[in-house]
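Me: Could you walk me through some side-chain contacts in this protein, one question at a time?
Reply: Happy to! Here is what we will be looking at.

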Amino acid sequence: MSTQNTMDSWARFTPMQRFKRYAAFLSVTLIVVWAFGSIDVIWEWVWDAPIQLIDLFDRMIPPDPTNLPSILEAIWQTINTATIATFLAVFLSLPVAYISAQNTTPNRFFLWLGRFIVVSSRSVNTIIWALLFVAIFGPGIVAGIIAIMFRSIGFLGKLLGEAIEEIDPAPIEALQACGASPFKVVLYGVVPQVAPAFFAISILRWDINLRESTVLGLVGAGGIGVILQGAIDTFQWQEVSMVLLTILALVIFGEVVSSTLRKKLI
């Protein structure tokens, strides 16, 4: 009878495993509690936030279309910023992706150089890049284009490099066996296999850049963000709501365009 009870009392975890799990849960809980305790939160403002939010929405309605021509002009500038930056980043990221992939890089020096470029580009947020280039080139769209381009190079280089590493080596080996030059090996062995991923990643990055370019004006890098910041600073809340609605329409437009392009090109 005791043997039967022993067989029936199955447990998923051993006592030591349960102890480790509970210790891990306790550690995470303590870290979260410590994190909340280490930040300076004015809880009176937190409890008052719903009332302030309702009051803000009340002041934003109805949207004011008085400045709509300037808003549309800034939106067009934002689209141009994202498009030009993506176009430049795509071409600059191709050699970075080529040397970042283990199966195409010339040597380990270029491999680590490419990965350093990828990591350094992706580790700095677009807003930080924009602040840096506004200080160099001055306020305006040029700083915004370069900031988005620098941020995009790491994103495109990393994903395209990973796509190159996943290609089938058989066509490349066949071309090399036939005596094809390195350029032709890349042109006929690598490019056809990477082309679908190339278009998909480029379109995705353009969609991301379109969203990111809407806020660059907050740091002086041009676009719709300049009008948004000005309306907020002058407490023109009805104009703020008009700008936000326009940005929402821009994001929907970008989503429609990117999904249409993916269906046609991929």
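Me: Which arginine lies over the face of phenylalanine 155, and how far is it from the ring centre?
Reply: Keep in mind that this is a predicted model. A charge sits over a ring only if, among other things, the CZ of Arg is within 6 Å of the ring centre. The residue that lies over the face of phenylalanine 155 is arginine 205, and its distance from the ring centre is 4.8 Å.

Me: Staying with rings, how is the aromatic pair of phenylalanine 235 and tryptophan 237 described: stacked, edge-to-face or tilted?
Reply: The count of aromatic pairs comes to 8. Phenylalanine 235 and tryptophan 237 form one of them, with 6.3 Å centre to centre and 55° between the planes. Planes under 30 degrees apart would count as stacked and over 60 as edge-to-face, so this pair falls into the remaining class: it is tilted.

Me: Is tryptophan 237 buried or exposed?
Reply: Its partner, phenylalanine 235, has 60% relative accessibility and therefore counts as exposed. For tryptophan 237 the value is 18%. Buried means under 20%, so the cut-off settles the matter: tryptophan 237 is buried.

Me: Which residues form one aromatic cluster?
Reply: Rings pair if their centres lie within 6.5 Å. One cluster of aromatic residues is made up of Trp129, Phe133, Phe137 and Phe150.

Me: On to charges: which residue meets lysine 158 in a salt bridge?
Reply: Side chains of opposite charge can pair when their charged atoms come close. The count of salt bridges comes to 6. Lysine 158 lies in helix α7 (residues 141-165), and its partner lies there too, 4 residues apart, about one turn of the helix. With 3.1 Å from N to O, the partner is glutamate 162.

Me: Are lysine 158 and glutamate 162 buried, partly exposed or exposed?
Reply: Lysine 158 has a relative accessible area of 33%, and glutamate 162 comes in at 32%. Buried needs under 20% and exposed needs over 50%, so both values sit in between. Lysine 158 and glutamate 162 are therefore partly exposed.

Me: Which residues are joined with Arg211 into one network of salt bridges?
Reply: Arginine 211 meets aspartate 207 at 3.3 Å, N to O, and both lie in helix α9 (residues 182-212). Arginine 211 also forms a salt bridge with glutamate 255, where the closest N and O atoms are 2.9 Å apart. Shared partners link these salt bridges, and the residues joined with Arg211 are Asp207 and Glu255.

Me: How far apart in sequence are the parts that arginine 211 and glutamate 255 tie together?
Reply: Arginine 211 forms a salt bridge with glutamate 255. Arginine 211 belongs to helix α9 and glutamate 255 to helix α11 (residues 237-265), so the pair ties together parts whose separation in sequence is 44 residues.

Me: Which member of that network is buried?
Reply: Arginine 211 is partly exposed at 35%, and glutamate 255 is partly exposed at 36%. The relative accessible area that stands at 6% is under the 20% cut-off, so that residue counts as buried: aspartate 207.

Me: Lastly, which residues does alanine 85 touch, leaving out those up to four places away in sequence?
Reply: Alanine 85 lies in helix α4 (residues 68-100), and its 0% relative accessibility is why it counts as buried. Its contacts beyond those sequence neighbours are Ile145, Ile148 and Met149.

Note on methods:
Residues numbered from 1 in each chain as written. Predicted model: local features only at pLDDT ≥ 70, side-chain atom pairs only at ≥ 80, totals over all residues. Heavy atoms only, no water. Helix = DSSP H or I, 4+ residues; strand = E, 2+ residues; numbered from the N terminus. Buried < 20%, exposed > 50% of the residue type's maximum accessible area, 1.4 Å probe, protein only. Contact = heavy atoms within 4.5 Å. Salt bridge = Lys/Arg side-chain N within 4 Å of Asp/Glu carboxyl O. Phe/Tyr/Trp six-rings, centres within 6.5 Å; stacked < 30°, edge-to-face > 60°. Lys NZ or Arg CZ within 6 Å of the ring centre and 35° of its normal.
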